[in-house]
Amino acid sequence: MIKDKVVVITGASSGIGEATARLLAQQGAKVVLGARREGRLQTIVSAIEAQGGTATYAVTDVTKAADNEALINTAIKKYGHIDVIFLNAGFMPTAPVSALKTDEWNTAVDINIKGVLNGVAAVMPHFLKQKSGQVIAVSSVAGLKAYPGSAIYGGTKWFVRDFMEVLRMESALEGTNIRTSTIYPAAVKTELLGGISDPRSALAMQKLYDQHAIPAERVANVVAFAISAPADTTINEFTVGPTNQAW
């Protein structure tokens with residue numbers, strides 16, 4: 001059941017995060033949005049409330065531990081507890097390693113890896129105290145298979161894959177009742193392409209996305225399914241992509 005669950009979402013100002021917030025709110029969840037763009041967050045929360053949903057937000061830079069803690073505290077103060085955290089914020093710097101986009105490498109590590117760690121560190125004490133909770137994180141098909149141009153992005157998403165699997169194992173060993181779900185999207189119509197500064201890579205990725213990209217709502221549906229699945233389900237990994245493309 002999704003109704004009345006409190007769901008914290010990072011990267012919630014557009015794309016998958018926005019689509020998921022809107023869908024879960026329609027299904028009765030209380031959504032707490034985190035992202036850097038306050039104007040966008042305000043617009044989305046207002047739209048959700050206008051449709052009878054329940055939502056709030058906190059301006060959040062996932063690379064900052066304090067911002068993640070403030071986001072979690074917003075949820076606790078507003079709704080009393082947290083059922084789910086959806087770690088969705090991401091950055092996709094696509095380029096050959098030889099291009100040496102080292103600033104982008106560091107940004108990818110900060111958002112895609114440290115952002116996940118910061119989110120888990122902020123919510124974990126609450127999940128441990130209540131002896132329940134669900135962590136959902138976005139990896140990528142690039143976290144399952146290596147692709148030229150995606151060494152850095154793929155490496156961060158392989159980290160997410162490993163981290164989430166270990167978190168699942170440790171939850172079982174420790175009896176904390178923390179569920180995990182990892183999403184592996186292929187090409188999705190989001191703003192990720194805007195982070196590609198290498199011209200040739202940007203052109204190649206745009207062509208790929210023009211052919212195969214799916215709406216963000218497709219991923220939102222998978223997130224909703226993961227949340228509503230029975231607590232004893234053994235399905236904890238979901239690959240989402242066009243049915244006519246071999247990823």
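Which residues line the largest cavity? Let's start there, keeping in mind that this is a predicted model. The lining is made up of Thr10, Val62, Leu87, Asn88, Ala89, Ile111, Asn112, Gly115, Val116, Val138 and Lys157. The space they surround has a volume of about 60 Å³. Helix H4, residues 102-130, puts in the most, with four residues of the lining. By type, you'll find six nonpolar residues, four polar ones and one charged.

In total there are two cavities of 30 Å³ or more, so let's visit the other one, using the general idea behind the search: rolling a probe the size of a water molecule over the atoms shows where empty space is left. The second largest cavity comes in at about 30 Å³. Around it sit Arg161, Met164, Glu165, Arg168, Thr180, Thr182, Asn236 and Glu237. Helix H5 and strand S6 (178-185) each give at least two residues to this lining, and H5 leads with four. Here the split is one nonpolar, three polar and four charged residues.

Now for the open spaces. The largest pocket has a volume of about 990 Å³. It is lined by 47 residues, and the closest to its centre are Gly90, Phe91, Met92, Thr190 and Leu192. Helix H1 (15-26), strand S2 (30-35), helix H5 (151-174) and helix H6 (199-212) each bring at least two residues to the pocket lining. H6 gives the most, with five. Sort the lining by type and you get 23 nonpolar, 19 polar and five charged residues.

Next, have a look at H1, one of the helices that help line the pocket. With 12 residues at 1.5 Å each, H1 should span 16 Å, and its end C-alpha atoms are 17 Å apart, which agrees. Is H1 mostly enclosed or open? It is largely enclosed by the rest of the structure, because 10 of its 12 residues are buried. Those buried residues are Gly15, Ile16, Gly17, Glu18, Ala19, Thr20, Ala21, Leu23, Leu24 and Ala25. They pack against S1, S2, H2, S4, S6 and H7. Just after the helix comes Gly28, with a positive phi near 100 degrees.

Leu24 of H1 takes us into the largest nonpolar core. This core has 36 residues, and those with the most contacts inside it are Ile9, Leu24, Val31, Leu33, Ile136 and Ile227. Several elements each supply at least two of its residues, including strand S1 (6-10), helix H2 (38-50), strand S5 (133-138) and strand S7 (237-240). The largest share, eight residues, comes from H7. Zoom in on Leu24 and, leaving out residues up to four places away in sequence, it touches Ile2, Val7, Ile9, Ala29, Val31, Ala224 and Ile227. Apart from this core lies another, of 23 residues, among them Ala58, Ala75, Val123 and Phe163.

One last stop is Thr94, which you'll find in the loop between S4 and H4. Is Thr94 buried or exposed? It counts as buried, because its relative accessible area is 4% and the cut-off for buried is under 20%. As for its company, Thr94 touches Gly149, Ser150, Ile196, Asp198, Ser201 and Met205, not counting residues up to four places away in sequence.

Notes
Residues numbered from 1 in each chain as written. Predicted model: local features only at pLDDT ≥ 70, side-chain atom pairs only at ≥ 80, totals over all residues. Heavy atoms only, no water. 1 Å grid on protein atoms, 1.4 Å probe; cavity = no way out; pocket = protein on both sides within 12 Å on 5 of 7 lines; lining within 4 Å. Points joined across faces, edges and corners; volume = space filled by probe spheres on them. Nonpolar A, V, L, I, M, F, W, Y, C, P; charged D, E, K, R; others polar. Core = buried A, V, L, I, M, F, W, Y, C linked by side-chain atoms within 4.5 Å. Buried < 20%, exposed > 50% of the residue type's maximum accessible area, 1.4 Å probe, protein only. Contact = heavy atoms within 4.5 Å. Expected span 1.5 Å × (residues − 1).
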